[in-house]
Amino acid sequence: MIVVLLGPPGSGKGTQAKKIVVEKGWAHVSTGDMLRAAIKSGSDLGVQAKKFIDQGMLVPDGLVVSLIGERMKEEDCQRGFVLDGFPRNVAQAVVLDQMLKVVGQGVGQVVLFDIADESLVKRLSGRRTCSQCSAMYHIEAVQPRREGICDQCGSALVQRSDDQSEVILNRLKVYHQQTEPLIKFYRDQAKLVTLDAAKAADEVNRSLTRALG
Ligand code: AP5
């Protein structure tokens with residue numbers, strides 16, 4: 001099973017992907033996480049990607065597509081995977097279909113996380129992430145036991161460089177302009193299921209589990 005989680009920044013794709021992959025035994029394929037790892041490693045790809053990410057723009061398709069192509073070949077993806085943050089525009093979706101067709105596969109289901117922009121700004125500006133294990137928190141909704149410290153590994157929590165208010169607004173604009181056309185793309189293929197992402201995380205998880213059967 002190959003599942004695409006589609007939705008605006010902050011809609012909860014990463015939070016839900018982390019849960020569902022454990023429940024289903026699938027791999028979590030997050031282009032955002034891969035790009036941030038590349039930035040942290042100081043690789044050429046990371047240096048190039050950072051310029052776009054810090055402005056809230058999409059990283060050029062060629063860079064992201066080669067990253068995802070390599071990732072999908074890895075052992076843990078062979079039992080199915082959840083795509084979180086990819087595809088991000090119709091061109092990426094077309095390439096994804098082509099890459100999957102070569103190996104006799106295809107996207108099984110696309111889940112749209114539906115939520116208004118106003119809630120997203122609050123979620124993103126309050127998000128804190130562990131600097132080591134990437135566990136996710138929120139200053140109000142998902143607080144760690146000790147302020148600023150990750151419950152799971154004890155490392156410091158940090159704010160993502162693209163979670164500054166100006167960048168958040170640009171990311172939302174980019175989503176509406178470039179990513180939203182994917183809703184029609186997948187609806188026309190009868191692969192789209194929509195869930196109410198404004199609900200509490202546990203409730204969203206139940207809706208997602210139901211949607212995936
Ligand atoms: P990426 O990391 O993919 O960011 P995003 O899609 O903007 O999504 P986020 O990670 O910000 O949010 P999310 O929906 O995962 O929400 P989360 O669960 O974290 O991409 C970053 C950048 O990389 C892009 O801007 C782009 O530059 C580049 N990039 C990535 N993929 C690319 C591609 N394919 N092509 C080109 N460029 C690409 O939750 C957010 C917060 O809300 C957290 O604090 C969480 O605790 C909280 N929360 C979650 N669920 C709930 C809930 N139900 N109720 C209350 N709070 C909640």
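**Loop residues and helix packing in a predicted model**

Met57 is partly exposed, with a relative accessible area of 35%. The model is predicted. Met57 sits in the loop that joins helix 3 to helix 4. Leaving aside residues up to four places away in sequence, Met57 touches Phe52, Asn170 and Val174. The C-alpha atoms of Met57 and Gln177 are separated by 11 Å, although these positions lie 120 residues apart along the chain.

Helix 4 follows this loop. Helix 4 spans residues 61-72, twelve residues in total. From first C-alpha to last, helix 4 reaches 16 Å. That is close to the 16 Å expected at 1.5 Å a residue. The buried residues in helix 4 are Leu63, Val64, Val65, Leu67, Ile68, Gly69, Arg71 and Met72. Arg71 is thus listed among the buried positions. Several elements cover these buried residues. Among the helices, the cover includes helix 2 (31-41), helix 3 (44-53) and helix 5 (90-102). Strand 2 (27-30) and strand 3 (81-84) also contribute.

Two of the covering helices, helix 2 and helix 3, also pack on each other. Their axes lie 7 Å apart, at an angle of about 120 degrees. Helix 2 is therefore oblique to helix 3. The crossing of helix 2 past helix 3 is left-handed. Helix 2 supplies Leu35, Ala38 and Ile39 to the contact. Helix 3 supplies Leu45, Gly46, Ala49, Lys50 and Ile53. By class, the residues of this contact are six nonpolar, one polar and one charged.

A second helix pair is formed by helix 1 (residues 13-24) and helix 9 (residues 201-212). The angle here is about 50 degrees, and the axes are 10 Å apart. Helix 1 is therefore oblique to helix 9. Helix 1 passes helix 9 in a right-handed crossing. On the helix 1 side, the contact is made by Gln16, Lys19, Ile20, Glu23 and Lys24. On the helix 9 side, it is made by Ala201, Asp202, Val204, Asn205, Leu208, Thr209 and Leu212. The contact of helix 1 with helix 9 has five nonpolar, three polar and four charged residues.

Backbone geometry was examined in further loops. The peptide bond from Phe86 to Pro87 is cis, with omega near -5 degrees. Pro87 belongs to the loop between strand 3 and helix 5. Strand 3 and helix 5 are also among the elements that cover the buried residues of helix 4.

Positive phi values occur at Ser134 and Ala190. Ser134 is not a glycine, yet its phi is about 65 degrees. Ser134 is placed in the loop between strand 5 (127-130) and strand 6 (136-138). With a relative accessible area of 32%, Ser134 is partly exposed. Ala190, likewise a residue other than glycine, has phi near 55 degrees. The loop that holds Ala190 runs between helix 8 (181-187) and strand 8 (192-196). Ala190 has a relative accessibility of 71% and counts as exposed, because the cut-off for exposed is over 50%.

Terms used:
Residues numbered from 1 in each chain as written. Predicted model: local features only at pLDDT ≥ 70, side-chain atom pairs only at ≥ 80, totals over all residues. Heavy atoms only, no water. Helix = DSSP H or I, 4+ residues; strand = E, 2+ residues; numbered from the N terminus. Expected span 1.5 Å × (residues − 1). Buried < 20%, exposed > 50% of the residue type's maximum accessible area, 1.4 Å probe, protein only. Contact = heavy atoms within 4.5 Å. Axes fitted to C-alpha atoms, helices over the stretch in contact; angles between N-to-C directions. Parallel < 35°, antiparallel > 145°, perpendicular 65-115°, else oblique. Left-handed = near helix turned anticlockwise from the far one by under 90°. Nonpolar A, V, L, I, M, F, W, Y, C, P; charged D, E, K, R; others polar.
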